[in-house]
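The following questions and answers are intended for a first-year student. Please examine the structure before reading each answer.

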Amino acid sequence: MTILSALYTLTIKPLELIFEVVFSAAYQSFQKLAALLLDVDFPVSGLSIIVLSLAVNFLVLPLYRRADAMQEEERNTEARLDKWVKHIKATFTGDERTMMLQTYYRQNNYSPTHVLKGAVSLFLEIPFFIAAYNFLSHLTLLYGSGFGPIQSLTEPDGLIRFGGITLNLLPILMTSINVVSTVIFTKGYPRKTRLQLYAMAAFFLVFLYDSPSGLVLYWTLNNLFSLCKTLCYRYKNSDLVVSFLFLLLGVATCGISFYLIGTHRKKRGIFFLFIGAILIGQFFRRLAFKRGKRKPFVFKRKPSPKLFFLAVVFLALLTGVLIPSAVIRSSPQEFMNLNNFVHPLWYLVNSFLLAAGVFVLWTGVFYALSDDSAKLFFELGAWVLCGVGLTDYLFFGKRMGLLTANLTYVDAFKVGNMDLLVNLVLVGCAALLFAFLYQKCPQSVTRALAATVAAVVCMSAVNARGITQSVAEVDLNSRSETAPNFTLSRTGKNVVVIMIDRGMGLYVPYLFNEDPQLEKQFAGFTYYSNTLSFGGFTNFAVPALFGGYEYTPVEMNKRKDELLVDKHNEALKVMPVLFANEGYDVSVLDPSYANYQWIPDLSVFDDCEGVHVYHANGYFAGDDNGESDILVRNRNFFCYSIMKIAPRFLQTALYNEGNYNSCSQQSSYQRLFTTSLAEGEYSDFTNAYYVMKNLPTMTSIADCEQGSFVMMTNDITHSDCLLQTPDYVPSMRVNNVEYDEAHQDRFTLNGNTLKMRDYVDYAGYHVNMCAMQLLGDWFDYLREQGVYDNTRIIIVSDHGRSSLQLDNFALDDIVYTLDSPGDRVDDAECYFPVLLVKDYNATEFTTSHEFMTNADVPTLATEGIIENPVNPMTGKPINSDEKTAHDQYVTASKDWDVNINNGNVLMPGKWYSVHDDIWDKNNWTVVAKNAVFTGE
Amino acid sequence: MRLYIDPGTGSMLFAILLGMFSALIWLMKGWIVKLRFFFSGGKKADAAEEKLPLVIYSEGKRYWNVFEPVCRELNARGFDTVYMTSSEDDPALSCGMEHLDARFIGAGNKAFARLNFVSANVLLSTTPGLEVYQWKRSKAVDFYVHMLHGPVEVTGYRMFALDYYDAVMLSGQYQYEDERKLEELRNLPAKELVMAGIPFMDELKHRLENSPAVDNHGQRVVLLAPSWGASAIFSRFGGRILDVLLKTDYHIIVRPHPQSFTSEKELMDKLMQQYPDSERLEWNRDADNFDVLRRSDILVSDFSGVLFDFSLVFDKPVIYADTEFDNSPYDACWLDTPFWTFTALPRIGEQLGKDDLEKLPEMIEECLTEPRYAEGRRQVREETWCYPGEGAKRVADYLIAKCEELRKEEGSEQ
């Protein structure tokens with residue numbers, strides 16, 4: 001980050017963000033309004049530009065008023081001094097004239113440089129207009145949008161046509177308004193000033209004539225606003241004029257409403273009637289105010305800039321540093337991309353600059369320009385916001401489920417009614433309490449704020465230290481310089497184990513049913529429909545998957561003298577070392593949680609001779625190379641913080657389906673509109689998607705006897721994303737409305753219907769389908785290369801997820817709600833992983849209901865090719881005897897975070913015992929409710 | 001990215017740029033003045049000296065007569081004073097007063113640079129324009145006192161002349177009123193306005209009283225003491241005025257302004273050649289004008305301070321040339337009240353208009369014989385010369401008291 005870009009982030013970016021949120025909110029509101037009331041094409045973009053123009057102009061109005069007041073003061077001073085200035089200029093010459101003027105100005109506390117003081121407010125307006133311009137000129141939402149007779153807002157309007165000539169109307173309109181404004185504004189001004197302004201109006205007409213109509217529309221509206229402003233300031237009865245304008249508009253709107261009702265368009269009629277009533281109400285309200293019936297509340301005390309400053313600094317630190325640092329610290333490496341490395345602390349710097357820009361700089365500017373009475377309101381507002389923000393952050397929104405590195409929740413974001421109510425009451429109480437304290441003991445408030453700011457700084461520093469330490473654990477040199485790849489032998493025997501994180505075993509029959517092609521591509525595979533995983537999260541389930549029954553959670557707990565991370569690493573190495581020792585060419589890609597690091601620490605394989613290790617995730621991410629992730633985090637950490645400190649009833653709108661009201665299409669997450677409509681790409685998904693898509697590229701074929709062992713993890717199924725049907729491919733604009741309507745039956749199979757309730761269900765289904773189709777394509781490639789038959793392939797997932805889509809998997813009396821989905825550990829779908837196994841030369845796709853666990857993978861992988869396989873780490877035989885020796889113990893713990901759950905044994909949790917058939921609820925028994933369980 | 005500009009912002013930028021441009025020009029003018037000051041000797045002077053109780057600054061030796069009575073009074077009381085002068089040959093440097101430390105500090109900007117950093121409790125001066133021209137108030141000086149060098153109005157200085165002094169020594173109520181009015185108009189803090197009298201006129205009067213009587217052998221003596229410049233008597237009337245005077249019985253003494261012999265040398269040479277010294281006419285170039293004033297019965301002069309010296313001290317009539325006076329550059333132009341000098345002059349003598357040359361002998365006669373001029377001199381003296389004979393004492397009293405007061409304040413602060 002350069003100094004210039006830091007300054008930009010501090011000054012312009014906050015404003016851009018505000019305008020983006022305003023535009024986005026307007027855009028979405030108009031979309032909803034259009035859907036609700038009007039069945040005709042609704043000019044959403046154009047109307048949103050109007051709202052944006054109003055927002056920008058209303059926001060700069062206080063600055064304008066201040067500038068106007070200062071300029072008037074300046075003009076008055078100049079008029080007052082004019083007589084003697086003229087006299088001095090006429091009487092004296094040379095240096096004496098300068099010195100006389102200096103003295104005279106000094107005696108009157110005036111200097112010609114004061115024009116700069118008056119210009120400060122005007123100068124401060126410029127960032128607002130730059131921000132709005134920057135935002136609009138990069139707004140892709142305008143592409144293809146029209147507004148009334150304007151065909152496209154991204155092209156000149158070309159509205160006037162005669163003969164063969166086309167002229168743009170909007171620039172002419174803009175200039176006309178500008179000229180009228182000048183005529184009114186410069187009344188009584190010298191001719192020179194008027195001429196200058198006319199010349200400028202003409203200059204802008206020529207200069208901006210060919211600009212996109214969206215921008216010219218925005219400027220025209222700005223000019224119109226400026227004209228209204230000038231009228232209001234010029235004419236004493238402007239208040240009355242505005243009041244009557246409200247009345248006129250109200251009556252006109254009511255007239256339209258009666259017309260609509262008369263033509264049987266009642267809904268629209270009622271809507272317009274409502275708007276009309278509001279407008280007429282405004283007329284009466286303004287009249288009442290004019291007569292002095294309402295008097296503004298006035299505080300009886302002096303403003304305290306110290307209190308205000310501390311409050312806004314606190315808010316900036318809370319939203320810019322503390323909350324983001326707490327998120328990053330929970331798993332710092334999730335925020336790193338080895339192929340495009342940015343230290344996560346930079347996200348803090350960025351979010352702090354944004355927060356400081358919003359709270360300290362711009363709120364400070366408005367505070368500084370306000371009169372004493374308004375200053376007190378600013379102070380009260382900032383202080384109460386501190387209270388409300390802290391209450392929301394500390395006591396609410398704690399169980400929202402998993403948060404991705406792009407600050408979207410894995411599960412659907414919903415706020416329950418009770419939560420809403422409790423929050424409203426508590427936040428209301430906090431606001432009242434803080435207001436009371438402000439009124440009664442402002443000095444204590446200042447002291448409390450100073451102490452809190454110090455505490456936030458300390459807590460942030462602790463978080464930053466934790467982040468730095470975690471980042472230091474990553475070997476940055478391990479980033480892939482050579483492309484991840486592996487070799488398959490044409491003549492030897494190959495074994496491939498691909499773990500798709502959170503792949504849903506439950507979905508497989510539905511996926512194969514929807515896409516019959518899959519069965520052909522997966523020819524030779526056996527789908528195990530009764531497979532168990534040993535936990536609902538990767539840290540519990542992966543060791544057994546890669547290491548076998550020695551590494552089930554219970555067995556890990558039994559070895560209580562060793563660290564979990566060591567046992568985890570050991571499990572990862574079991575198969576690679578075993579196969580390497582047997583002379584196989586071994587490749588390991590993205591081994592899950594290696595060394596308990598989010599970005600796998602490949603150095604754990606340093607002592608494994610003959611094992612090639614790679615980071616593949618994100619390697620094929622394309623031209624973007626993680627840039628969009630960085631952009632999104634730079635923007636959204638602050639937005640996330642704002643959402644966290646906001647009352648619950650605002651959070652859904654602020655979260656905006658993980659979009660945080662962004663209008664950018666260059667995003668690393670999807671904007672979700674419905675379960676069938678979405679925009680943008682989810683970078684976590686694309687990082688994993690392109691690895692799968694590039695499996696053929698990564699595969700080298702060798703004509704040698706030496707077989708290969710490939711062990712790979714892929715997160716494609718862990719990154720929920722709506723894809724474009726019917727091909728299930730990522731798309732910037734997903735529209736599955738027709739397909740979903742036409743194919744609702746795809747979720748019913750053999751009388752069992754998957755309940756598809758929300759986005760999570762659809763997106764989860766989509767990514768599982770995508771994974772299967774990409775794997776199918778790769779199998780086709782292997783067939784073409786002649787290595788399919790001599791390759792044993794195991795497609796397995798570590799665990800499933802809870803979505804309560806089939807009733808018989810509900811192990812407890814849990815009822816589906818959208819609240820706290822992360823708590824639903826009593827859903828057996830969590831423990832139903834994918835297990836698809838193809839042995840050498842197998843040709844038919846079959847389904848087996850044999851009781852399996854994903855700890856069978858090492859047995860399946862070695863079966864028949866390694867005689868009496870032994871775990872090279874422990875010397876114990878590798879087999880599946882344990883599966884039938886006793887019931888299997890599954891941990892239903894929710895402590896998935898290896899930064900926390902990293903002792904010698906797993907943290908206490910709930911445990912189930914399962915046997916024979918996972919589909920039968922009766923086979924599931926709770927054996928411990930909150931214990932470090934060892935099977936005894 | 002395309003150049004950003006939109007009409008609103010563009011207009012704003014344009015307005016701001018214009019304003020900034022004007023402000024910049026203004027600032028540059030100020031810097032140029034400072035640079036000129038710097039390059040003409042106004043470099044910061046080393047002022048690392050102990051704080052002095054009282055400093056008197058004299059622009060030149062011609063002001064020694066103004067300061068001398070005060071210095072003598074201070075010396076008599078044993079009050080140590082530093083006298084800084086811009087004349088290398090200032091009589092103060094060799095006056096031999098025990099408690100007067102006279103120093104030559106250079107002339108012009110060099111002197112101001114020194115004064116701008118001088119350290120003193122009180123600084124007394126007759127120089128107007130403090131803090132207006134290059135002479136700025138020193139941060140190390142507590143109190144600036146101005147003393148007038150003529151029995152005339154305070155508004156006769158160029159604009160803002162006394163605005164940054166802390167006190168002014170006055171000699172008439174009208175001066176007090178004018179100064180207060182200026183303060184009010186300019187919203188300035190009230191200065192200490194002290195009715196002190198006019199020490200140098202006291203001195204002249206004292207000298208006159210102690211001088212022997214003049215014997216002109218019954219012949220009237222007319223002193224023609226023109227100023228110099230385009231509007232001065234010789235430039236306007238040339239030798240004709242001498243012709244007119246020589247037609248009378250008076251003895252004529254011509255005493256041009258010393259500057260005339262430099263600036264109008266040709267004219268002077270011509271006149272001196274045309275009208276050489278004779279029984280009836282003498283050219284006088286004495287350094288001290290006391291004797292010539294004492295000898296004269298009437299003074300014919302341009303508009304200058306000597307008119308009042310002659311009239312009020314020697315109690316004799318004057319004839320003053322009709323000089324066009326434009327008050328625009330002066331503080332007087334701020335006030336509606338008439339310029340005091342122009343109310344006083346008709347009372348002490350006659351005005352010589354440009355067409356009145358031939359009437360000059362009659363005017364002289366009238367001035368010498370009409371008792372209303374004696375009465376006018378009395379009135380004017382009363383208006384503009386308070387505490388006659390006490391000026392030096394009063395000024396010294398004030399200065400010493402002020403120094404002590406400030407020293408005491410300093411002591412209590414420490």
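Q: Which residue in β21(A) is the bridge partner of Tyr889(A)?
A: The model discussed here is predicted. Strand β20 (residues 888-891) of chain A and strand β21 (residues 909-914) of chain A run antiparallel and are joined by four bridges. Within β21(A), the bridge partner of Tyr889(A) is Ser913(A).

Q: Which residue in β22(A) stands opposite Gly909(A)?
A: Strand β21(A) also pairs with strand β22 (residues 924-931) of chain A, in the antiparallel sense and over five bridges. In β22(A), the residue opposite Gly909(A) is Ala931(A).

Q: How many of the residues of strand β4 (residues 494-500) of chain A are buried?
A: On one side of β4(A), the buried residues are Asn494(A), Val496(A), Ile498(A) and Ile500(A). On the other side, Val495(A), Val497(A) and Met499(A) are buried, and both faces are thus covered. The strand is largely enclosed by the rest of the structure, because the number of its residues that are buried is seven of the seven.

Q: Which residue in β16(A) is the bridge partner of Ile498(A)?
A: Strand β4(A) pairs with strand β16 (residues 791-796) of chain A in the parallel sense, over six bridges. In β16(A), the bridge partner of Ile498(A) is Ile795(A).

Q: Which residue in β12(A) is the bridge partner of Val496(A)?
A: Strand β4(A) is joined by six bridges to strand β12 (residues 708-714) of chain A, and the two run parallel. In β12(A), the bridge partner of Val496(A) is Val710(A).

Q: On which residue is the kink in α21(A) centred?
A: Helix α21 (residues 627-645) of chain A has 19 residues, and the distance from its first C-alpha to its last is 28 Å, close to the expected 27 Å. The helix nevertheless contains a kink of about 35°. The residue at the centre of this kink is Asn636(A).

Q: Why is α21(A) described as largely enclosed by the rest of the structure?
A: The description rests on how many residues of the helix are buried, and a residue is buried if 20 or more other C-beta atoms lie within 10 Å of its own. Helix α21(A) is therefore largely enclosed, as its buried residues number 17 of the 19.

Q: Does Val342(A) count as buried, partly exposed or exposed?
A: Val342(A) is located in the loop between α11 (305-330) and α12 (345-369) of chain A. Its C-alpha atom is separated by 9.9 Å from that of Gly626(A), although the two residues are 284 residues apart along the chain. A buried residue needs 20 or more C-beta neighbours, and an exposed one has 12 or fewer. Because Val342(A) has 18 C-beta neighbours inside 10 Å, it counts as partly exposed.

Q: Which strands are the edge strands of the open sheet of seven strands in chain B?
A: The strand order of this sheet is β3-β2-β1-β4-β5-β6-β7 (chain B), and the pairing is parallel. An edge strand pairs on one side only, and in this sheet the edge strands are β3 (100-104) and β7 (192-195) of chain B.

Q: Which residue in β7(B) is the bridge partner of Leu170(B)?
A: Strand β6 (residues 167-170) of chain B pairs with β7(B) in the parallel sense, over four bridges. In β7(B), the bridge partner of Leu170(B) is Met195(B).

Q: Which helix packs on the open sheet of six strands in chain B?
A: This sheet has parallel pairing and the order β10-β9-β8-β11-β12-β13 (chain B). Its edge strands are β10 (281-283) and β13 (349-352) of chain B. Strands β8 (221-225), β11, β12 and β13 of chain B are touched by the helix that packs on the sheet, namely α13 (residues 360-369) of chain B.

Q: At what angle do helix α12 (residues 340-348) of chain B and helix α14 (residues 371-384) of chain B pack?
A: Ala344(B), Arg347(B) and Ile348(B) in α12(B) meet residues of α14(B), including Tyr373(B) and Val380(B). By class, this contact has four nonpolar, two polar and two charged residues. The helix axes are 7 Å apart, and the packing angle is about 145°.

Definitions and conventions:
Residues numbered from 1 in each chain as written. Chains lettered and ligands numbered in written order. Predicted model: local features only at pLDDT ≥ 70, side-chain atom pairs only at ≥ 80, totals over all residues. Pairing = 2+ DSSP bridges. Expected span 1.5 Å × (residues − 1). Bend = angle between axes of the 7 residues up to and from the residue. Axes fitted to C-alpha atoms, helices over the stretch in contact; angles between N-to-C directions. Contact = placed C-beta atoms within 7 Å. Nonpolar A, V, L, I, M, F, W, Y, C, P; charged D, E, K, R; others polar.
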